[in-house]
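Open the model in a viewer and keep the sequence panel beside it. The stops below say what to select and what is there.

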Amino acid sequence: MSAKTPNSSAQPTELTLGKRIRNFIIVLVAIALSVALFLGLRTQTGAVTLATLSDRSTPLEVALSNSKPTLMEFYADWCTVCQKMVPDIAQLEQEYAGKVNFVMLNVDNSKWLPEILKYRVDGIPHFVYLGKQGEAISQAIGEQPRSIMASNLEALLNDAPLPYTSASGKVSKYEANVTPSSETDDPRLHSSQVVK
């Protein structure tokens, strides 16, 4: 029996070593997959959204005074067409960085009511192409192909007529709810004149 003991003890040691190597490889693969999954999810959450575009947009006051052409977009977070166009707008922003102002105005923010009324926004997305002096040159409503928008931006940069001056695509309906709340002219009530 003593002759069999060394052989039997050698086999379990080899099996234990093999199991340890296999387990070590499994652990390394699991760590590698976890890191890949973490980085993959992190990349997905870094995708451009309407909020991202809004956060990095040029303030309207700056866009109207910095002598650059401007693409102004009226949008809303709930607008599916606006959401669908985010990748195209982000790509245009990247292509025309430093040359064109990109301004995002949320129609749900009453701060932009004067602009909503001025440009007669009744569907979104609503795009307004502004010249270098801040003058409105053209408007487009609804989903627009990126190539058409790029052609218009090139024309703006070159002070040329816009090739696509009137365009209308798929829109989300929007109606500015403006009704005076009273007939009195009390200055304390001016902030309550827009209701609904």
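In which loop is the place of Arg 120? Select Arg 120 in this predicted model, and the selection falls in the loop between helix 5 (113-118) and strand 3.

**Overview**

Colour the chain by secondary structure: six helices and seven strands appear. Followed from the N terminus, the order of elements is α-α-α-β-α-β-α-β-β-β-α-β-β. Of the 196 residues in the chain, 32% are buried. Among contacts in the chain with a separation of 6 or more, 71% are between residues 24 or more positions apart.

**Backbone stops**

Return to Arg 120, whose phi is near 50°, a positive value in a residue other than glycine. Arg 120 counts as exposed because its relative accessible area is 69%, and the cut-off for exposed is over 50%.

Select Ser 67 next, in the loop between helix 3 and strand 1. Phi of Ser 67 is also positive, near 60°, and this residue too is not glycine. With a relative accessible area of 46%, Ser 67 is partly exposed.

Now show the backbone from Ile 124 to Pro 125. The peptide bond here is cis, with omega near 0°. Pro 125 sits in the loop between strand 3 (123-124) and strand 4. As background to these three stops, most residues other than glycine have a negative phi, and most peptide bonds are trans.

**His 126**

Step to His 126, which is in strand 4. Is His 126 buried or exposed? His 126 is buried, because its relative accessible area is 1% and buried means under 20%.

Show side chains around this residue. The side chain of His 126 makes a polar contact of 2.4 Å with the side chain of Gln 139. Residues up to four places away in sequence set aside, His 126 touches Met 72, Glu 73 and Phe 74. The list of its contacts also has Tyr 119, Arg 120 and Val 121, and then Gln 139, Ala 140 and Ile 141. Arg 120, the residue of the opening stop, is thus an exposed residue in contact with His 126.

**The nonpolar core**

Select Met 72, Phe 74, Tyr 96, Ile 124, Tyr 129, Met 149 and Leu 153. Of the 41 residues in the largest nonpolar core, these touch the most other members. The elements that give two or more residues to this core are helix 2 (50-55), helix 3 (60-63), strand 1, helix 4, strand 2, strand 4 (126-130) and helix 6 (146-157). Which element gives the most? Helix 4 does, with seven residues. In soluble globular proteins, nonpolar side chains tend to be buried together.

Two members of the core recur from earlier stops: Met 72 and Phe 74 belong to the core and are also touched by His 126.

**The cavity**

Turn on cavity display. The structure holds one cavity of 30 Å³ or more, and about 40 Å³ of space lies in the largest cavity. Which residues line the largest cavity? Select Leu 71, Glu 73, Ile 89, Glu 93, Phe 102, Val 103 and Met 104 to see the lining. Strand 1 (70-75), helix 4 (80-95) and strand 2 (101-106) are the elements that give two or more residues to this lining. Strand 2 has the largest share, three residues. By class, the lining residues are five nonpolar, no polar and two charged.

**Glu 93 and its surroundings**

From the lining, pick Glu 93, found in helix 4. Glu 93 is buried, with a relative accessible area of 11%. Where does its side chain make a polar contact? The partner is the side chain of Arg 56, at 2.8 Å. Beyond neighbours within four places in sequence, Glu 93 is in contact with Leu 53, Arg 56 and Phe 102; Phe 102 is also in the cavity lining.

Draw a C-alpha to C-alpha distance from Glu 93 to Ser 57: the two are 9.3 Å apart in space and 36 residues apart in sequence.

**Last stop**

Finish at Asp 55, in helix 2. Asp 55 is exposed, with a relative accessible area of 68%. Its C-alpha atom is separated by 8.6 Å from that of Met 104, 49 residues apart along the chain. Met 104 is one of the residues that line the largest cavity.

Technical notes:
Residues are numbered from 1 along each chain as its sequence is written. This is a predicted model: local features need pLDDT of at least 70, side-chain atom pairs count only at pLDDT 80 or more; totals for chains, interfaces and linings use all residues. Side-chain values use heavy atoms; hydrogens and water are left out. On a 1 Å grid over the protein atoms alone, a cavity is a set of points where a 1.4 Å probe fits but cannot get out, and a pocket is an open set with protein on both sides within 12 Å along at least five of seven lines; lining residues have an atom within 4 Å of a point. Grid points are joined across faces, edges and corners, and a volume is the space filled by probe spheres set on the points. Helices (H or I, at least four residues) and strands (E, at least two) are DSSP runs, numbered from the N terminus. Ala, Val, Leu, Ile, Met, Phe, Trp, Tyr, Cys and Pro count as nonpolar, Asp, Glu, Lys and Arg as charged, and the others, Gly among them, as polar. A nonpolar core is a set of buried Ala, Val, Leu, Ile, Met, Phe, Trp, Tyr and Cys residues joined through side-chain atoms within 4.5 Å. Buried means under 20% relative accessible area, exposed over 50%, partly exposed in between (1.4 Å probe, protein chains only). A polar contact is a pair of N or O atoms within 3.5 Å; within protein, one must be able to donate a hydrogen and the other to accept it, and residues adjacent in sequence count only if both atoms are side-chain atoms. Contact means heavy atoms within 4.5 Å.
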